Amino acid sequence: MSLPAKAAPRVFSGMQPTGNLHLGNYLGAMVRWVEMQASHECIFCVVDMHAITVWQDPEDLRSQTRAVTAAYIASGIDPKRTILFNQSQVHEHAELAWIFNCVARLGWLNRMTQFKEKAGKDRENASVGLYAYPNLMAADILVYRATHVPVGDDQKQHLELARDIAQKFNNDYAKALGAAGFPDGFFPLPEPVIMGPATRVMSLRDGTKKMSKSDASDLSRINMTDDADAIAKKIQKAKTDPEPLPSEVAGLETRPEADNLVGIYAALEGSTKEAVLRQHGGAQFSGFKKALVELAVSRIAPVNAEMSRLLGDPAEIDRILADGSKRARAIAAPILDQVKDVVGFLRG
Ligand code: TYM
């Protein structure tokens, strides 16, 4: 059986259970996942194996894995319809990652900007896992032969690497793949899905820096666990410039903070920056921020409340993850078996 020219779409994405989920994770990825779930076969993962590429306290890792799972469900991921699981329960990811470690080239990984950012100046002291991280990410996706990957803009380079790995595997093993009935290659080249007005949510303190879990200032981000007062305080304190809002998107080009707040507003409202500026163009930030607080609280508070409710029953969350892992393995195991045959591994 050969891979159809256009493989049936299968969506895969993941998030690390490290620290609080923030508005960037929610608007850049999660909202898109919930949309795609309505029309596609989706597999969403809590990537705990990626998390330990930097030190994680074991107890914290367990509770963060549950918290991220609760955030997925509270945001609208339906674990019955969609496969929702934690990465370490599906060992096929790690096995395929090893094979990809042997496909990917050192030069490719040396170009990864996220490794450079995360390792910082103390590169010699970074874990090997942090360096090889993108190969595991490629395995996450390709062990399901997933075709579409909804992510924020910061994951683009990793997705390009996943495509390079898929292509090189298909080329390197072309002969064996042809003999095994895959003359057109085995892995699809996964497409990044980076869409909407908030693919790169920026820090509230500095419109040129990405909103991130690792920023030392909690004022830089809105956490999905923040209450209404905290959300209001952070938006009121968000950095702006002295001009009123422009009425055209072009007027945001040299104003990163204004651009960021308008993008956040549009994403929360499910509209576009154009639509937001049609309504608020000419307004002072004081008034716009008030409207933004109201909108943000109305979107985040219910997610927050549902997360707390779900976390009240950790055994149920564990059960959901175990069930999702079983379903994920049912897809991944036969794919990995085919890969092992093609590579030349004997198996009983
Ligand atoms: P992670 O855990 O850093 O982030 C999860 C998702 O949130 C998006 N994101 C943002 N989007 C917009 N603005 C921001 N400021 C912002 N910050 C984060 C990320 O782009 C991501 O979509 N390597 C991945 C996890 C991963 C993965 C995968 C993703 C592991 N395997 C396979 C897709 C497919 C990561 O660290 O995401």
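**Exercise 1. Size and describe the largest pocket of this predicted model.**

Solution. Start with volume: the largest pocket holds about 1,200 Å³ of space. A pocket here is an open set of points on a 1 Å grid over the protein atoms alone, where a 1.4 Å probe fits, with protein on both sides within 12 Å along at least five of seven lines. Volume is the space filled by probe spheres set on the points.

Next, the lining. It has 43 residues, each with an atom within 4 Å of a point. Gln114, Lys118, Asp154, Gln155 and Lys210 lie nearest the centre. By class, the lining has 14 nonpolar, 18 polar and 11 charged residues; Gly counts as polar.

Then the elements. Helix 1 gives the largest share, 5 residues. Helices are DSSP runs (H or I) of at least four residues, and strands (E) of at least two.

Conventions: residues are numbered from 1 along each chain, and side-chain values use heavy atoms, without hydrogens or water. Local features need pLDDT of at least 70, side-chain atom pairs 80 or more, while totals for chains, interfaces and linings use all residues.

**Exercise 2. Place the ligand and list its polar contacts.**

Solution. The ligand sits in the largest pocket: more than half of its atoms lie within 2 Å of the grid points.

Now the contacts, pairs of N or O atoms within 3.5 Å.

- Asp154: side-chain N or O, 2.4 Å from a ligand oxygen.
- Asp140: side-chain N or O, 2.7 Å from a ligand nitrogen.
- Met211: backbone N or O, 3.0 Å from a ligand nitrogen.

Finally, burial. Alone, the ligand exposes 710 Å² (Shrake-Rupley, 1.4 Å probe). The protein buries 96% of that.

Note on methods
A polar contact is a pair of N or O atoms within 3.5 Å; within protein, one must be able to donate a hydrogen and the other to accept it, and residues adjacent in sequence count only if both atoms are side-chain atoms.
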